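Here is a short briefing to read alongside the structure. Please have the sequence and the 3D view open as you go.

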Amino acid sequence: MQTIAEVRKRGVVPEAPEAAEVLSELFGDADRTAVLRGLEAGIEAGAEHYRRLFARVRGQDSSPDATGELEWLARALRAADQA
């Protein structure tokens, strides 16, 4: 399975047919509308910022910022919903 970071690095745009394939791999038959709502709520709330902050408070190294991947995923879900 490809990661969103790998797909983005190859230059695949969220509206591309390959992005729809990635969504199928990730979510299968899941309710993508519900996934999109939760994802957008997390992006709006700045969840990535808080995740990094909590890691720092716990004395842990945080993983790289995933905001770009999350935004790409949200765009791909919106594009798939319109198709």
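The crossing of helices α3 and α5 is left-handed. Please keep in mind that this is a predicted model. The notes below start with that helix pair, then turn to α2 and finish at R51.

**Where α3 meets α5**
- Helix α3 spans residues 32-44, and helix α5 spans residues 67-82.
- The axes of these two helices come within 10 Å of each other and cross at roughly 145°.
- On the α3 side, the contact is made by R32, T33, V35, L36, L39, E40 and I43.
- Their partners in α5 are L70, E71, L73, A74, L77, R78, A80 and D81.
- Sorted by class, the residues of this contact are 9 nonpolar, 1 polar and 5 charged.

**Where α2 meets α5**
- Helix α2 runs over residues 17-27, and its axis comes within 10 Å of the axis of α5, with a crossing angle of roughly 100°.
- Because angles of 65 to 115 degrees count as roughly perpendicular, α2 is roughly perpendicular to α5.
- From α2, the residues taking part are A19, L23, L26 and F27.
- From α5, they meet W72, L73, A76, L77 and A80.
- This contact has 9 nonpolar residues, with no polar and no charged ones.
- L73, L77 and A80 of α5 appear in the contact with α2, and they also appear in the contact with α3.

**The two sides of α2**
- Which residues of α2 are buried? They are A19, V22 and L23.
- These buried residues cover an arc of only 100° around the axis, so they lie on the same side of α2.
- P17 and E21, on the other side of α2, are exposed.
- The cover over the buried residues of α2 includes α1 (4-9), α3 and α5.
- Just after α2 comes G28, which has a positive phi, near 55°.

**A look at R51**
- You will find R51 in helix α4, which covers residues 47-57.
- Is R51 buried, partly exposed or exposed? R51 has a relative accessible area of 31%, so R51 is partly exposed.
- Setting aside neighbours within four places in sequence, R51 is in contact with S62, S63 and P64.
- R51 and D31 are 20 residues apart in sequence, and their C-alpha atoms are 25 Å apart in space.

Methods
Residues numbered from 1 in each chain as written. Predicted model: local features only at pLDDT ≥ 70, side-chain atom pairs only at ≥ 80, totals over all residues. Heavy atoms only, no water. Axes fitted to C-alpha atoms, helices over the stretch in contact; angles between N-to-C directions. Helix = DSSP H or I, 4+ residues; strand = E, 2+ residues; numbered from the N terminus. Parallel < 35°, antiparallel > 145°, perpendicular 65-115°, else oblique. Contact = heavy atoms within 4.5 Å. Nonpolar A, V, L, I, M, F, W, Y, C, P; charged D, E, K, R; others polar. Buried < 20%, exposed > 50% of the residue type's maximum accessible area, 1.4 Å probe, protein only. Arc of directions from axis to C-beta. Left-handed = near helix turned anticlockwise from the far one by under 90°.
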